[in-house]
Amino acid sequence: MKTLIKNGTVVTASDTYKADVLIEDEKITMIGLNLPSDGAEIIDAAGLLLMPGGIDPHTHLDMPFGGTITADDFFTGQRAAAFGGTTCHIDFALQQKGATLKDGVEMWQKKAEGKTITDYGFHIAITDPTEASINEIATLKDIGVASLKVFQAYKGAFMVDDTALYKAMEVARDSDIMLMTHSENGDAIALLTEKLVSEGKLEPKYHLDAHPREIEGEATARAIALSAVTGAKLYVVHMSCSDSIEQMALGRSKGYNVMGETCTQYMFKFEDDMRVPGYEGAKWACGPPVRTPKDAEYIWEALRNTTLQCVATDHCSFHYDGGVNGKIAGKELGREGWHKIPNGIPGIEDRMPVMYHNGVNSGRISLNRFVAITSTNVAKSMGMYPQKGTIAVGSDADIVLWDPEKEHTISAKTHHMAVDYNAYEGMQIKGLPVRTIIRGTTVVNNGELCVEKGFGKYVRRANPVIV
Ligand code: URP
Ligand code: ZN
Ligand code: ZN
């Protein structure tokens, strides 16, 4: 199968230029001016940008959490991703207590089986750090897993202590695995939660008081220090505020092997959105929590000046009004107390358009930086480059045809996620994907899904690098 995309403008993390792109089977085989059609199917991309498909480094599909399960499974989540210009994502498989890391990955493989639309990989989160589990980190590369998450928060559930974190870092260093941390001080959160709840402070806004910014800064500094001492590569996930990001800037200025990710919602959802009267604030309960508009500006600057390297969604969707009309339970579980709200915000479909419109159109970041933070840097740091994350000869033909003039208003009424609300409701976007191509096959074209469930493939990953 041959496809020739003609007359478009190729955009990578480093260059923007006019060229035709030839795809043969699943790969890009030629890039140049006026390439001959030679029997290929022609796609006319005049007026369109050709960008590497988005790669979301942080998602939770079909995940049991907070007494329920996420609204999006691998089909609805990946379908939404493809509509939004994301061609690959890395989901978090969770180790179950008493089971191995590989069992966790197998469990998540089964969830994905027969449902996939986009390509995908798995991180594994270690939650039962026995000596055997820590030693098992050395074998993760055998199953194509190049990254391990350690929770410094969620005491009593996923959290592991500093001894386990340190030991995991040593094995990760020796086996070239990227160690990822959820950096908040879980002990402090547990104590604050107990106090707030015992005082009868139960509305959603008290979620903020239990997750102060200082403890995100502290846990980030601790993870960075341990990475510096052990030499492990460290990727701090979902960084929300200046307190943690300034620690990242300091660590990077010292030449440590550290990098950071933020999430789209931290630039658009704020503490005031959680403080609205009534229960609406529950929609924005996530960990770390949403912060302030000042933090959002700090994040934009950190993305621009390369303190932060990746933008994820941390897509973790729970219905606002779950448990009715056939919907699984969701945020309503916290009506009796904010500490029972399942944590998470949806956004797998919106990351690319929202970041493009508010980043590129507003002049906050260049077009090339947009590609870097939504695709190329993810591929590099997660061990998928150059198979994924760029438009180059030999790379997978994961290409998004992007219309910089197309306009759309985001709404839960029209989104493709299963969840019943949208974090960017009413946002007017200019610049949208019009065709999403994965390994040479058109997956979405002009609002139509063009592949069957099961199309997406598992991506084996190796050699993650700090960017
Ligand atoms: O609130 C969040 N972030 N939910 C997902 C779990 C996690 O910590 O990433
Ligand atoms: Zn986390
Ligand atoms: Zn997450």
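**View 1. An open sheet of eight strands runs through this predicted model.** The strand order is E6-E9-E10-E11-E12-E13-E14-E15, and the pairing is parallel. Strand E6 (54-59) and strand E15 (310-312) stand at the edges; each has a single partner strand, so one side of each lacks a neighbour in the sheet. On average, neighbouring strands of this sheet are turned by 30° against each other, direction ignored. In a regular strand, side chains alternate between the two faces of the sheet.

**View 2. Strand E6 pairs with strand E9 at one edge of the sheet.** The two strands pair in the parallel sense, over four bridges. Within this pair, Asp56 stands opposite His89 in E9. Is E6, an edge strand, enclosed or open to the outside? Six of the six residues of E6 are buried, so the strand is largely enclosed by the rest of the structure.

**View 3. Strands E11 and E12 pair in the parallel sense.** Strand E11 covers residues 147-151, and five bridges connect this strand to E12. Lys149 stands opposite Met180 in E12.

**View 4. Helices H7 and H12 pack on the sheet.** Helix H7 (residues 213-230) lies across E12, E13 and strand E14 (258-263). The direction of H7 is at about 170° to that of E13. Helix H12 (residues 367-381) touches E6, E12, E13, E14 and E15. The direction of H12 makes about 65° with that of E6.

**View 5. Three residues coordinate the zinc ion (ligand 2).** Which atoms hold this ion? They are NZ of Lys149, ND1 of His182 and NE2 of His238, at 2.1 to 2.3 Å. Along the chain, the donors follow the spacing K-x32-H-x55-H. His182 and His238 link distant parts of the chain, being 56 residues apart. His182 lies in strand E12 (residues 178-182), while His238 lies in the loop between strand E13 (234-236) and helix H8 (242-253). A residue is called buried when its relative accessible area is under 20%. His182 has 1% and therefore counts as buried; His238 is buried too, with 2%. The zinc ion (ligand 3) is 4.0 Å from the zinc ion (ligand 2).

**View 6. Gly84 sits in a loop and is buried.** The loop runs between helix H1 (74-83) and strand E9 (86-94). The relative accessibility of Gly84 is 2%, so this residue counts as buried. Which residues does Gly84 touch, apart from those up to four places away in sequence? The contacts are Glu349, Met352, Pro353 and Pro433. His207 is 123 residues from Gly84 in sequence, and their C-alpha atoms are 30 Å apart in space.

**View 7. Two peptide bonds that lead into proline are cis.** Most peptide bonds are trans. The bond from Gly287 to Pro288 is cis, with omega near -10°. Pro288 is placed in the loop between helix H9 (271-274) and helix H10 (293-304). The bond that joins Tyr385 and Pro386 is also cis, and its omega is about 0°. Pro386 belongs to the loop between H12 and strand E16 (399-409).

**View 8. Asp38 and Asn446 have positive phi values.** Most residues other than glycine have a negative phi. For Asp38, which is not a glycine, phi is about 50°. Asp38 is in the loop between strand E3 (27-32) and strand E4 (41-44). Phi of Asn446 is near 45°, and this residue is in the loop between strand E18 (441-445) and strand E19 (448-449). Are these two residues buried or exposed? Asp38 is exposed, with a relative accessible area of 58%, and Asn446 is exposed, with 57%.

**View 9. The whole protein is shown for orientation, with 12 helices and 19 strands.** The C-alpha atoms fill a box of roughly 70 × 50 × 40 Å along the principal axes. A compact globule of 467 residues would have a radius of gyration near 23 Å, and the 21 Å of the protein agrees with this. Of the 467 residues, 61% count as buried. Among contacts with a separation of 6 or more, 76% are between residues 24 or more positions apart. The accessible surface comes to about 16,500 Å², and 51% of this area belongs to carbon and sulfur atoms.

Conventions:
Residues are numbered from 1 along each chain as its sequence is written. Chains are lettered from A and ligands numbered from 1 in the order in which they are written. This is a predicted model: local features need pLDDT of at least 70, side-chain atom pairs count only at pLDDT 80 or more; totals for chains, interfaces and linings use all residues. Side-chain values use heavy atoms; hydrogens and water are left out. Donors are N, O and S atoms within 2.8 Å of the metal (3.2 Å for Na, K and Ca); water is not among the atoms, so sites may look incomplete. Buried means under 20% relative accessible area, exposed over 50%, partly exposed in between (1.4 Å probe, protein chains only). Two strands pair if DSSP finds at least two bridges between them. Axes are lines fitted to C-alpha atoms, for helices over the stretch in contact, and angles run from 0 to 180 degrees between N-to-C directions. Contact means heavy atoms within 4.5 Å. The radius of gyration is taken over C-alpha atoms; the globule rule is 2.2 Å times the number of residues to the power 0.38. Accessible areas come from the Shrake-Rupley method with a 1.4 Å probe; for residues, only the protein chains shown count as cover.
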